[in-house]
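Here are some short exercises to work through with the structure open beside you. Try each task before you read its solution.

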Amino acid sequence: MSAIVGERDTLLQATAERFSTVADGKAILMAASTPVFRVNSAGEGAPASIAITAKPVNVTGDIVFSVSSGTALRVNGNVATVDFSSMTTDTALVQARIREFGVDYLANYMVSKVFDGAAGETGLSGLNTGQAFAYKRAAAAPADTPGDVIFTFATAAITTPAGNDLANGWSKNIPPGTAPLYVRVAAASSRNTTDKIAANEWAAAVQLAKDGVDGLNVISVPIYQRGATNIAPPLPTAVCTFTFATGKLAGLNNGWSTQVPSAGGAYLFMSGATAVSSAATDDIAPGEWAAAARLAADGAPGQRGTVTVTAPGYSIWSDASAVYELGRAGYGAPINRDVVTLYDATHAVTKFYVDGAWMVLGTVLNGSLLVDGTVAAKAIVGDTLGAIRANLGSVVAGDLYGTTLHGGNGYPTNIYDWPSNGGTGFHLSEKGLLIGNLHTGLYVQLASNGYVEMPGLVVNKGKAEFSGELKSVKGTFSGDLSSARVSVGTTDKATAFFEPEFPSVSLQSSASGVYIEASSLNSAAVFSTPEVLFKHNAPGWPAARRIRSGPVFFSIICTAVVDDQLSIWYRVNDGEWMWMSGVEERQGGDAPAATGYGLTLNIGVGGTVQFGVSATNASLRAADMRKLYLKQCQATVIARNF
């Protein structure tokens, strides 16, 4: 059910119930939130008004309200309201009436004023209370009293008589002595600032304390002795006497002392006993000492500190003389930061020793002389800080320029190259970023010229080459997607290509042919320029002509129009040209010839393999060298790693 709000809901709530039988009892019920106006001493009433609701039960008709004289009533339907401001009498009787079939049904509700009482008279001041104590030493409980005294509440103490003494030997404070201590207590109570306590107001004497039996003196007594070995020395064999007042132990023997000795050996031993007695001293028997235990041992001598030595009689500097003067001064061999000055009447040279060498000494600031926070960074200017070595911890840096960063066992130096020791790590400089190791197949290269390479991906001059297996690929490709192809070569129609996973190169010569000079083999070779040069995984080298280390199988097929012979040559690591395969033309005059061969070469780290084609054979055998020429030549070389 929703809350009752507004006059309409109030009227509906106060209406008579429907469907009641004639047999039901009939009445009017009246209710209000309170029947009372509370009137304070200023004559103000609360609440400001009281609303009285009349509810008919099994009776119908209009409700008529009335109120006793001296009070006004506000009526709204079944609700009558009495305002405090309109009620001039102390009580008001509100009546509700309904007439049904000539019968009046009545209900009354009484509203009253309740007045606050008048302020009472001011009560008496409260009592000050306190307790007074008196003390006395006696063999038995004293029967006398401290006499009459005056107790002051502000100080919570007896102020009269003055001083500490009270009557009959009692005192305000605990007296010295050894006899039992008794106390009497009296209560002080008064509305005044003081209270006079009569002699008969003191409570009976009660024993507060008495001296007990003297306790025991107890203390641990340690003893020490040094020895040359780690074997414990014998314990004391004499009776020793310990004095509690002075803490002194007398009678020690067998080399033991109560203080840690400074000499006697590198090993320090300790024993101990407990002195217990009610007397001023205690005798410690030999059997009371604990087993000796090693407490400490001297450490090895440390390195001496740096020294400064000055020696006259030297017109020139000599490293040997500096070492001699250090030893002569009793310092032995030089250590880092030792300073030696060798001089005579006209010359003086000062040097300091660092890592096996004597260095010319400039201005030296002892670090211990510098106060932390007194040297500003702007006061330090260093063109070269290579001499600074420090564990920097957390570094907050600004602009770092011209910096090479390298780390890991594969990058011990600042050289921009892949590790050759099988290690890994990183290199970062103006040349680019190297991560990992290309030789292990786990690497990333980001060169400063835009070249990017990692396993399966090469980006060079804006062109990307993908290799390996492409798995779980989703998406849409636009344009042509085909096997990789790239043009290379020094001739006008040279073309290079490779099949998946195998570097290869295919070349052809110009149609005009290449004539052979009789002067050397090299002048007879074609296709020996870098486009037929295979390199072990070199950064930046085209993927079509890069090979891995280890055994590599090369297969070569070559066709050409020749006058006499057709040969294939190779060389490793820029060495001598080696003949590989050849064929003679047997028809006379120009005729096509073809030859092919395969061989396995073991490629080392950084190795290269180069191939060439010529119109000569291995023995440079030819009927007429001037007629040897090569044209329309095509050669294909494929490299396969095992």
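**Exercise 1. A patch on the surface**

Find the nonpolar surface patch that includes Leu405, and place leucine 428 within it.

*Solution.* Keep in mind that this is a predicted model. Start with the members: Leu405, Phe426, Leu428 and Ile435 make up a nonpolar patch on the surface. Together they offer about 310 Å² of accessible area. Next, locate leucine 428, which sits in strand E27 (residues 426-429). Finally, check its exposure: buried means under 20% and exposed over 50%. Leucine 428 has 37% relative accessibility, so it counts as partly exposed.

**Exercise 2. An open sheet**

Work out the strand order of the open sheet that contains E10, E13 and E15.

*Solution.* The 3 strands follow the order E10-E13-E15, with antiparallel pairing. Strand E10 (128-137) and strand E15 (206-209) are the edge strands, each pairing on one side only. On average, neighbouring strands of this sheet are turned by 40 degrees against each other, direction ignored. Now zoom in on one pairing: E10 and strand E13 (residues 181-190) are antiparallel over 10 bridges. As a landmark, look for alanine 132, which stands opposite alanine 186 in E13.

**Exercise 3. Aromatic pairs**

Classify the ring pair of phenylalanine 242 and phenylalanine 244, then that of tyrosine 353 and tryptophan 358.

*Solution.* The structure holds 6 aromatic pairs. For phenylalanine 242 and phenylalanine 244, the ring centres are 5.6 Å apart and the planes stand at 80 degrees, so this pair is edge-to-face. Both of these phenylalanines are buried. Tyrosine 353 and tryptophan 358 are also an edge-to-face pair, at 5.2 Å centre to centre and 65 degrees between the planes. Tyrosine 353 counts as buried because its relative accessibility is 16%, and tryptophan 358 counts as buried at 9%. To finish, add Trp317: with Tyr353 and Trp358, it forms one aromatic cluster.

**Exercise 4. An enclosed strand**

Decide whether strand E42 (residues 608-614) is largely enclosed, and find its partners.

*Solution.* First, look at burial: 7 of the 7 residues of E42 are buried, so the strand is largely enclosed by the rest of the structure. Then sort the side chains. In a regular strand they alternate between the two faces of the sheet. Here Thr608, Gln610, Gly612 and Ser614 point one way, while Val609, Phe611 and Val613 point the other way. Last come the partners. Strand E36 (residues 533-536) pairs antiparallel with E42 over 3 bridges, and leucine 533 stands opposite glutamine 610. Strand E39 (residues 565-572) is joined to E42 by 6 bridges, again antiparallel; here tyrosine 570 has phenylalanine 611 as its bridge partner.

Definitions and conventions
Residues are numbered from 1 along each chain as its sequence is written. This is a predicted model: local features need pLDDT of at least 70, side-chain atom pairs count only at pLDDT 80 or more; totals for chains, interfaces and linings use all residues. Side-chain values use heavy atoms; hydrogens and water are left out. Two strands pair if DSSP finds at least two bridges between them. Helices (H or I, at least four residues) and strands (E, at least two) are DSSP runs, numbered from the N terminus. Axes are lines fitted to C-alpha atoms, for helices over the stretch in contact, and angles run from 0 to 180 degrees between N-to-C directions. Patches are made of residues with over 30% relative accessible area and no salt bridge: like charges are joined within 9 Å, nonpolar side chains (Val, Leu, Ile, Met, Phe, Trp, Tyr) within 5 Å. Accessible areas come from the Shrake-Rupley method with a 1.4 Å probe; for residues, only the protein chains shown count as cover. A salt bridge is a side-chain nitrogen of Lys or Arg within 4 Å of a carboxyl oxygen of Asp or Glu. Buried means under 20% relative accessible area, exposed over 50%, partly exposed in between (1.4 Å probe, protein chains only). Rings of Phe, Tyr and Trp (its six-membered ring) pair if their centres lie within 6.5 Å; planes under 30 degrees apart count as stacked, over 60 as edge-to-face and the rest as tilted.
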